[in-house]
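Me: Could you take a close look at one part of this model for me? I would like to hear about the aromatic side chains and how they sit together.

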Amino acid sequence: ADMVLSYTTSPAYHLIAEEDDSKTAALFDEGHYMQIEVAGKLAGSDQPELADQFLQYLVSDAAQSVLPTTNWMYPAVTPEGGLPEGFDGMIQPGKALLVPNGEVPALREEALNEWLTALSR
(Lines give C-alpha, C1' and ligand atoms only; values in the text may rest on other atoms or scores of the structure.)
Protein backbone atom coordinates (compact mmCIF):
# COMPACT_ATOMS: atom_id res chain seq x y z
CA ALA A 1 0.00 0.00 0.00
CA ASP A 2 1.17 3.51 -0.67
CA MET A 3 -0.13 4.66 2.71
CA VAL A 4 -1.25 2.99 5.94
CA LEU A 5 -2.76 4.27 9.16
CA SER A 6 -0.24 3.47 11.87
CA TYR A 7 1.87 4.94 14.67
CA THR A 8 4.23 7.83 14.01
CA THR A 9 6.91 5.46 15.32
CA SER A 10 6.26 2.81 12.65
CA PRO A 11 9.19 4.04 10.52
CA ALA A 12 11.49 3.18 13.45
CA TYR A 13 10.19 -0.40 13.33
CA HIS A 14 10.92 -0.69 9.62
CA LEU A 15 14.35 0.86 10.06
CA ILE A 16 15.43 -1.19 13.09
CA ALA A 17 13.67 -4.53 12.51
CA GLU A 18 13.77 -4.67 8.71
CA GLU A 19 16.68 -2.33 7.86
CA ASP A 20 14.25 -0.49 5.56
CA ASP A 21 14.58 3.29 5.59
CA SER A 22 12.00 3.90 2.85
CA LYS A 23 9.08 4.50 5.25
CA THR A 24 8.06 7.82 6.72
CA ALA A 25 5.18 9.20 8.76
CA ALA A 26 2.97 12.08 7.69
CA LEU A 27 2.83 15.16 9.88
CA PHE A 28 -0.70 16.53 10.18
CA ASP A 29 -1.22 20.21 11.03
CA GLU A 30 -4.50 19.29 12.74
CA GLY A 31 -2.63 17.08 15.19
CA HIS A 32 -2.19 13.39 15.88
CA TYR A 33 -4.38 11.08 17.92
CA MET A 34 -2.68 9.66 20.97
CA GLN A 35 -2.48 5.98 21.83
CA ILE A 36 -2.16 5.71 25.57
CA GLU A 37 -1.52 2.38 27.23
CA VAL A 38 -2.08 2.15 30.97
CA ALA A 39 -1.58 -0.20 33.88
CA GLY A 40 -3.21 -0.04 37.27
CA LYS A 41 -3.98 -1.81 40.49
CA LEU A 42 -7.47 -3.10 41.14
CA ALA A 43 -9.00 -1.78 44.35
CA GLY A 44 -10.06 -5.31 45.30
CA SER A 45 -6.68 -6.93 44.63
CA ASP A 46 -5.68 -9.63 47.10
CA GLN A 47 -2.02 -8.84 46.27
CA PRO A 48 -1.80 -5.03 46.64
CA GLU A 49 1.91 -5.02 47.56
CA LEU A 50 2.79 -7.19 44.56
CA ALA A 51 0.71 -4.93 42.32
CA ASP A 52 2.58 -1.89 43.66
CA GLN A 53 5.91 -3.60 42.97
CA PHE A 54 4.84 -4.43 39.43
CA LEU A 55 3.72 -0.87 38.75
CA GLN A 56 7.05 0.40 40.07
CA TYR A 57 8.82 -2.04 37.75
CA LEU A 58 6.83 -0.78 34.76
CA VAL A 59 8.21 2.74 35.18
CA SER A 60 11.75 1.49 35.82
CA ASP A 61 14.55 1.92 33.32
CA ALA A 62 14.60 -1.87 32.77
CA ALA A 63 10.96 -1.95 31.61
CA GLN A 64 10.87 1.40 29.81
CA SER A 65 14.01 0.65 27.81
CA VAL A 66 12.41 -2.35 26.05
CA LEU A 67 9.15 -0.62 25.08
CA PRO A 68 10.48 1.28 22.05
CA THR A 69 11.54 -1.92 20.25
CA THR A 70 8.84 -4.28 21.52
CA ASN A 71 5.69 -2.15 21.51
CA TRP A 72 7.22 0.24 18.95
CA MET A 73 6.05 3.27 20.83
CA TYR A 74 7.53 5.93 23.02
CA PRO A 75 8.00 4.95 26.67
CA ALA A 76 6.27 6.89 29.45
CA VAL A 77 9.69 7.61 30.97
CA THR A 78 12.73 8.06 28.72
CA PRO A 79 15.25 5.33 29.60
CA GLU A 80 18.63 6.31 31.03
CA GLY A 81 20.39 5.48 27.76
CA GLY A 82 17.83 7.38 25.70
CA LEU A 83 15.84 6.02 22.81
CA PRO A 84 17.35 3.48 20.41
CA GLU A 85 19.03 4.69 17.24
CA GLY A 86 16.31 4.89 14.63
CA PHE A 87 13.91 6.85 16.83
CA ASP A 88 15.92 10.04 16.41
CA GLY A 89 14.48 10.75 12.96
CA MET A 90 10.81 10.37 13.89
CA ILE A 91 8.42 13.23 13.27
CA GLN A 92 7.41 15.23 16.33
CA PRO A 93 3.68 16.03 16.24
CA GLY A 94 3.00 19.50 17.58
CA LYS A 95 -0.54 18.80 18.76
CA ALA A 96 -1.97 15.75 20.52
CA LEU A 97 -5.62 14.88 19.96
CA LEU A 98 -7.93 12.98 22.28
CA VAL A 99 -11.50 12.08 21.37
CA PRO A 100 -14.08 11.58 24.13
CA ASN A 101 -15.40 7.99 24.10
CA GLY A 102 -18.97 9.07 23.35
CA GLU A 103 -17.90 10.83 20.15
CA VAL A 104 -15.89 7.93 18.70
CA PRO A 105 -18.69 6.05 16.82
CA ALA A 106 -19.84 9.13 14.87
CA LEU A 107 -16.28 10.26 14.20
CA ARG A 108 -15.30 6.77 13.03
CA GLU A 109 -18.06 6.70 10.41
CA GLU A 110 -17.26 10.22 9.21
CA ALA A 111 -13.53 9.49 9.02
CA LEU A 112 -14.01 6.19 7.17
CA ASN A 113 -16.29 7.85 4.63
CA GLU A 114 -13.76 10.62 4.04
CA TRP A 115 -10.92 8.10 3.74
CA LEU A 116 -12.82 5.89 1.29
CA THR A 117 -13.83 8.88 -0.83
CA ALA A 118 -10.23 10.09 -0.98
CA LEU A 119 -8.94 6.63 -1.93
CA SER A 120 -11.52 6.10 -4.66
CA ARG A 121 -10.39 9.15 -6.69
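Reply: Happy to; here is a walk through the aromatic contacts, followed by the salt bridges. Please keep in mind that this is a predicted model.

Searching the whole structure turns up 4 aromatic pairs. In one of them, the ring centres of Trp 72 and Phe 87 are 6.5 Å apart and their planes meet at 5 degrees, so this pair counts as stacked. Planes have to be under 30 degrees apart for that label. Trp 72 and Phe 87 are 15 residues apart, and both belong to the loop between helix 3 (61-64) and strand 2 (96-97), so the pair links distant parts of the chain. Trp 72 and Phe 87 are both buried. They also belong to a wider group: together with Tyr 13 and Tyr 74 they make up one aromatic cluster.

Now to the charged side chains, where the count is 2 salt bridges. In one, Lys 41 pairs with Asp 52, and the closest N and O atoms are 2.9 Å apart. Lys 41 sits in the loop between strand 1 (32-33) and helix 2 (48-58), while Asp 52 is in helix 2, so this bridge ties together parts that are 11 residues apart in sequence. Lys 41 is partly exposed, at 39% relative accessibility, and Asp 52 is partly exposed too, with a relative accessible area of 37%.

Another salt bridge joins Lys 23 to Asp 20, with 2.8 Å between the closest N and O atoms. Lys 23 has 39% relative accessibility and therefore counts as partly exposed.

How values were computed: Residues are numbered from 1 along each chain as its sequence is written. This is a predicted model: local features need pLDDT of at least 70, side-chain atom pairs count only at pLDDT 80 or more; totals for chains, interfaces and linings use all residues. Side-chain values use heavy atoms; hydrogens and water are left out. Rings of Phe, Tyr and Trp (its six-membered ring) pair if their centres lie within 6.5 Å; planes under 30 degrees apart count as stacked, over 60 as edge-to-face and the rest as tilted. Helices (H or I, at least four residues) and strands (E, at least two) are DSSP runs, numbered from the N terminus. Buried means under 20% relative accessible area, exposed over 50%, partly exposed in between (1.4 Å probe, protein chains only). A salt bridge is a side-chain nitrogen of Lys or Arg within 4 Å of a carboxyl oxygen of Asp or Glu.
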